[in-house]
There are 2 protein chains.
Amino acid sequence: MSRLDHSLIAGLPAFEGLARADLDAILSKAVALRVAKDDAIFDQGVEAGSFFILLDGRVRVVRTTPDGRQAIVRYIVPGELLGIAQALGRDTYPASAVAAVDCVVLAWPSRLWAKFAVDYPSFGKNTYRTVGARLEDVQTQMLDMATRQVEQRVAHALLRLVRQAGRSDGDGIAIDFPISRQDIAEMTGTTLHTVSRIMSAWEDKGLVKSGRQQVTIVESHKLLLLAEGRTERD
Amino acid sequence: MSRLDHSLIAGLPAFEGLARADLDAILSKAVALRVAKDDAIFDQGVEAGSFFILLDGRVRVVRTTPDGRQAIVRYIVPGELLGIAQALGRDTYPASAVAAVDCVVLAWPSRLWAKFAVDYPSFGKNTYRTVGARLEDVQTQMLDMATRQVEQRVAHALLRLVRQAGRSDGDGIAIDFPISRQDIAEMTGTTLHTVSRIMSAWEDKGLVKSGRQQVTIVESHKLLLLAEGRTERD
DNA sequence: CGAGGAGTTGACGTTGGTCAATAAATGTGG
DNA sequence: CCACATTTATTGACCAACGTCAACTCCTCG
C-alpha cells in the first residue's frame, strides 16, 4: 500500500481546522481505492463497513425501491464525504453509490468514524454540517417535486449540476461528466422520453446543446427564468 | 416564570443518558411556551433565535416556495426537537413550524445549542441522530414522489401519520389531530380535490372513515397493500 | 460490420390538475 | 337560538401534461 500524503486531504472542508499531525494520523488509517466507471462503491441495504471521501471523479448516489424503480439522490464531487451511515445513526447504507466516471476514494472502517468525531471535534462538526446541508437540499428538492412541473424540475436539476460540476467550454457551461437522459429523468422523477422531448425543445430555442451523455448550458439565464416558472405562455 | 421539573424531559430521546443534575441545568435555561392552534412557532427564513422541544401537541413543519405554494415536510410529536437550525449549520430557519393543535414547547436560545452539544456529548449525538433520521426520511419520501402515483403516496402518508399519531377508536385507528384534505395534499404533492376523490373511493370500499379534518384508518392492511402498489387492476 | 446502448419522435391514453357549482359543518353576531 | 359568513369537503365536466408503447436513427465499441 502506498504512503498517503496529508496534502491529499488538507484542503477539504471535512478536515478543516486540523493540524498536520492529525491529518497524518487520520490518513494512516485510510485506504485509497480506485473505482472504475459504473462500479459500485457501496450498495443500498448492506452493512456499512466503511465511509469514504471522494478524491477524484464523480459519484452518483441512488436509492432503489423494492420493485426496482430508482431515483438519483445526488451527485458527489471531490472533497465530499459519502457512505457516512454512522453519522446518521445507521449500520446499513441507505442508498447505493456508483462511480459516474473513474474515481479515486479514500476509505476508512466505519467504526473509526465515531473515534474521529471524538478525537477531532471539528471533523465531527464538519460532517454534521454536511448532513445538515444535505437534509436541506433534499427538502428543497421535495418542495420542487411537489410544486413544479417537469420542465421546471429538469431545468433546476441541470442548473444544480452545472453549479457543482460545470466546466465552461466554447458554447457555454458543460456538465463535466457523462449524464444520460435516463439519469436526468431519475433526478427529476420523470421518464427519459419526457426529458428528451424537453431538451430537444430547449435545443431548438438555443438554451442548451446536448448529445450522447453530454449536456451544455448555453443560456443559463433563460434556463433560470424557466426553472423559476417566470416565463408566461411560451 | 414557573419552575420546570426534570421529569418533563427525563424520558426524551434527546436527553437520554444525562444525569438529573444535567437535566436541571439544561432546564434552568429553558422557557416553556404555550402556542395556540394555528399559531407559528417560527417562520421560514427568519433568523433562528431559539430551538425547541415539543412537550405537548402536534406541530406541522412547512416549506413555502417564493410564489406561495407549500409542502408539509413533516409532523412533529411530543418529545421531538424542532427548529434546530444550529445543528444544520444554519442561522435562519429553513422551514416554518405551525401548531396543529394547542401546544406546549420548551425554548432555548440558539446559541446554547452548541454549548449543550459540547457540555453534554450525548445530547449532541442524539440530536444528530435525529437529523440523520430525518434526512433518511425525506429521501424516502423523495423516492416515493418520484416513483409512485398519487393514490399510493396518499396511502403512505396516512399510514405514516397513523404510526406516529394514531389513536385507536371504535372503527380503527384515528389520526389524533385535525388534518384537512388540503394538508394531506401538501404532504403528497397533489391537490385537495384529488385527495378528496381518492378518500371518497376508499370510504366506499370501507378502507377509511373520514370527515371534516378527521381521518380514521379502518383496514390498515388493505391500505398498506395499496400503498405498496401490490393491488393489480382494481 | 454487427450489436447494444443512447437518443428522438410520433401516436395514443390516462392520470390527475383546473374550473365550477354545491353541500355540509362550524363559527359569529344579533 | 337563529341568520349568515366562512371554512372544509364533495363531485362533475373538461382537458393538458405527461407516461406508455412503438418505431426508427445514430453513435460507439468490440
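Which residues are the closest to DNA strand C? They are A:R181, A:S196, B:T190, B:T194 and B:R197, among 18 residues that surround the strand. The model is predicted.

## DNA strand C

Both protein chains supply residues around strand C. Helix 7 of chain A gives the largest share of the surface near this strand, 4 residues. By class, this surface has 12 polar, 5 charged and 1 nonpolar residues. Of the atoms of DNA strand C within 4 Å of the protein, 66% belong to sugar or phosphate. The rest belong to bases.

Three polar contacts give detail. The side chain of A:S196 places an N or O atom 2.7 Å from a phosphate oxygen of DNA strand C. A:Q213 uses its backbone: a polar atom there is 2.9 Å from a phosphate oxygen of the strand. A:H193 addresses a base instead, with a polar side-chain atom 3.1 Å from a base oxygen. Two elements give two or more residues to the surface near DNA strand C: helix 7 (192-205) of chain A and helix 6 (192-205) of chain B.

## DNA strand D

DNA strand D is surrounded by 18 residues. The closest are A:T190, A:T194, A:R197, B:S196 and B:Q213. Sugar or phosphate accounts for 64% of the strand D atoms within 4 Å of the protein, and bases for the rest. The nearby surface holds 1 nonpolar, 12 polar and 5 charged residues.

Phosphate contacts come from both chains. A side-chain N or O atom of A:T194 is 2.6 Å from a phosphate oxygen of DNA strand D. For B:R181, a polar side-chain atom lies 2.9 Å from a phosphate oxygen of this strand. B:H193 has a polar side-chain atom 3.1 Å from a base oxygen. Helix 7 of chain A and helix 6 of chain B are the elements that give two or more residues to the surface near DNA strand D. Helix 6 of chain B provides the largest share, 4 residues.

## The sheet of chain B

Chain B has an open sheet of 4 strands in the order 2-7-4-5, with antiparallel pairing. Strand 2 (40-42) and strand 5 (70-76) stand at the edges; each has a single partner strand, so one side of each lacks a neighbour in the sheet. Neighbouring strands are turned by 30° against each other on average, direction ignored.

Strand 4 (residues 59-64) pairs with strand 5 over 6 bridges, in the antiparallel sense. In this pairing B:R60 stands opposite B:Y75. Helix 4 (residues 121-147) of chain A packs on the sheet and touches strand 4 and strand 5 of chain B. The direction of this helix makes about 130° with that of strand 5 of chain B.

Methods:
Residues numbered from 1 in each chain as written. Chains lettered and ligands numbered in written order. Predicted model: local features only at pLDDT ≥ 70, side-chain atom pairs only at ≥ 80, totals over all residues. Heavy atoms only, no water. Near = heavy atom within 4 Å. Polar contact = N/O pair within 3.5 Å; in protein donor to acceptor, adjacent residues only side chain to side chain. Nonpolar A, V, L, I, M, F, W, Y, C, P; charged D, E, K, R; others polar. Pairing = 2+ DSSP bridges. Axes fitted to C-alpha atoms, helices over the stretch in contact; angles between N-to-C directions. Contact = heavy atoms within 4.5 Å.
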